[in-house]
Amino acid sequence: MAKPTSSTLADLLAASAQARKYPFLERAALWEERLAMHVADLETLHKAPSSADMLPLPPKAKLEVQANPVPLAGNGRSDALTAASAREIAQRIASRDISVVDVARAVLAKAEEQKHLNAFITLRPEQVLKDAKALDARIAKGEAPGALAGVPVAVKDLMHVRGHPFTCGTRAMDGKEAQRDAAVVANLREAGALIVGTANLHELAYGVTSANMHFGHVQNPTAPGHIPGGSSGGSGAAVAAGLAAIGVGTDTGGSIRIPAACCGITGFKPTHEAVSREGCWPLADTLDHIGPLTRDVEDTVLAFEVMAGLPPGCISGKNIERPRLIKPEAFFYEHLDTDIGARIEAALKRLEGAGASLAARNVEDIKYAPAAQFVTICAEGCQSNWELLTKRGEGISPDVRLRLEVGQFIGAIDYVKAQRLRRRIRDNMLAALKDADVFVLPTVPIPIPKSGLATIDFAGRKIPLPGAMTRLTGPFNSAGLPACSIAIGKDQQGLPVSLQLVGRPGADATVLAVARWAQEVLR
């Protein structure tokens, strides 16, 4: 059968859009051009093995917790409150060594100094100070200060924060003030956290650069002139610059771990649905996760326990001193930048020298993971934002709008096959992991890109930048596995290099225990 000509294909796309009453048919040529970038993904999907079994995604995994919770210990005292860990701040607040107002003033001064980073969409100093005084008053009355007493938190503007405009980083929304907190924000407030503001992001959480034409491009405080990562770039930049001790992010294909890698901090994507997404705008429901960005793993553990509504110490109580590591060489170690590959190998040798065991095992069918991820995020992202596209499409930036629009052309037959592949690959991941603790691999395969890039030459072809940046992170969104990114040093350009540790569904405590051990070894 002959392939349709360019004009014929554009006509077919327009006819398909017209059938669902999409009002912008004049954009058909743009849709054709964008889809052409992903022909290889669709061809890969079509070549993937088929199955008559539906193989639905598994039920929500039960989190492993420690029977005897062990709260985290302190980590000394920092010279500046903006450099202090969440643990130090909470402990000093509880001991009345400092006040929440002290923390608020320090953070607000730093935020003003670092305004050029565009880390926040909404930051209201008067409200921050008012909240800080209220927290101090509660503590003065003898109320329990909470696990995150006075800890400054930046919340990605993709979830409701009471009294703050809800924008999702787009002008296609009204930006009305949220009347109540998202579930994860409510958990943070209940634990005594100080919400500093709503963090900037790649519009509608659909991108890896956090270049936002509406609210300003987020800048990387660790590597100026390079992308801060996305889509949770504002949260990552705020933590790296000392504007918050904890950043709340979302991760659909790597949007917590990629900013962590770009900014040289720690980012954790929990097991799917370990943290409630109630009150958070969806991009792709079956891929979306909420998790923390922090400056070290111990703060990640503290933040995750609160965000997930778990008892204090039930995750931090797990320790692993001789972790069993699996190196998934096929796919995950292919097409790596030479310098990054060398630094990852050096890190693995240091981990082995410190007592870890390391074995190489491959994940069967993993080569189909990017295609399954592409089809899933395209279809679900388009549906999640369909009303915005049809009624306020002109208010969405050109690239994000185009990426969302093409999802309407993903066929049901391809979407269903992608879901079957996701389950197959997930099962193969668990088979490869066997009795080991975690997979260990790079977070991103290339040096942190310079700002302004839209495409990149990768593995012999020019592809959109998100395809390269999410290559090593996206498969674990598809599988719903917990994954943590930790910084391990810098490359020859002085840019951050990060390692990713990935475990079984529900084994978040194991992943974080190994990550904490590895971070100590590699410091």
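So, what share of the 523 residues of the protein chain counts as buried? The answer is 61%, where buried means under 20% relative accessible area with a 1.4 Å probe, protein chains only.

Before I go on, this is a predicted model, so local features need pLDDT of at least 70, side-chain atom pairs count only at pLDDT 80 or more, and totals for chains, interfaces and linings use all residues. Residues are numbered from 1 along each chain as its sequence is written, and side-chain values use heavy atoms, with hydrogens and water left out.

Okay, overall form. The C-alpha trace of the protein chain spans about 75 × 50 × 45 Å along its principal axes. In secondary structure, we've got 19 helices and 13 strands; those are DSSP runs, with helices being H or I of at least four residues and strands E of at least two.

How do the parts touch? Take contacts, meaning heavy atoms within 4.5 Å, with a separation of 6 or more: 76% of them in the protein chain join residues 24 or more positions apart.

Now, cysteines. How many disulfides does the structure hold? Zero, counting a disulfide as a pair of cysteine sulfur atoms within 2.5 Å. Look at Cys-262: its closest cysteine sulfur is in Cys-263, and because the two sulfurs are 6.4 Å apart, that's too far for a bond. Cys-262 is also buried, at 0% relative accessible area. Then there's Cys-314, whose closest cysteine sulfur sits in Cys-484, 16 Å away, so again too far for a bond. Cys-314 counts as buried too, with 2% relative accessibility.

That's it from me!

Note on methods:
Buried means under 20% relative accessible area, exposed over 50%, partly exposed in between (1.4 Å probe, protein chains only).
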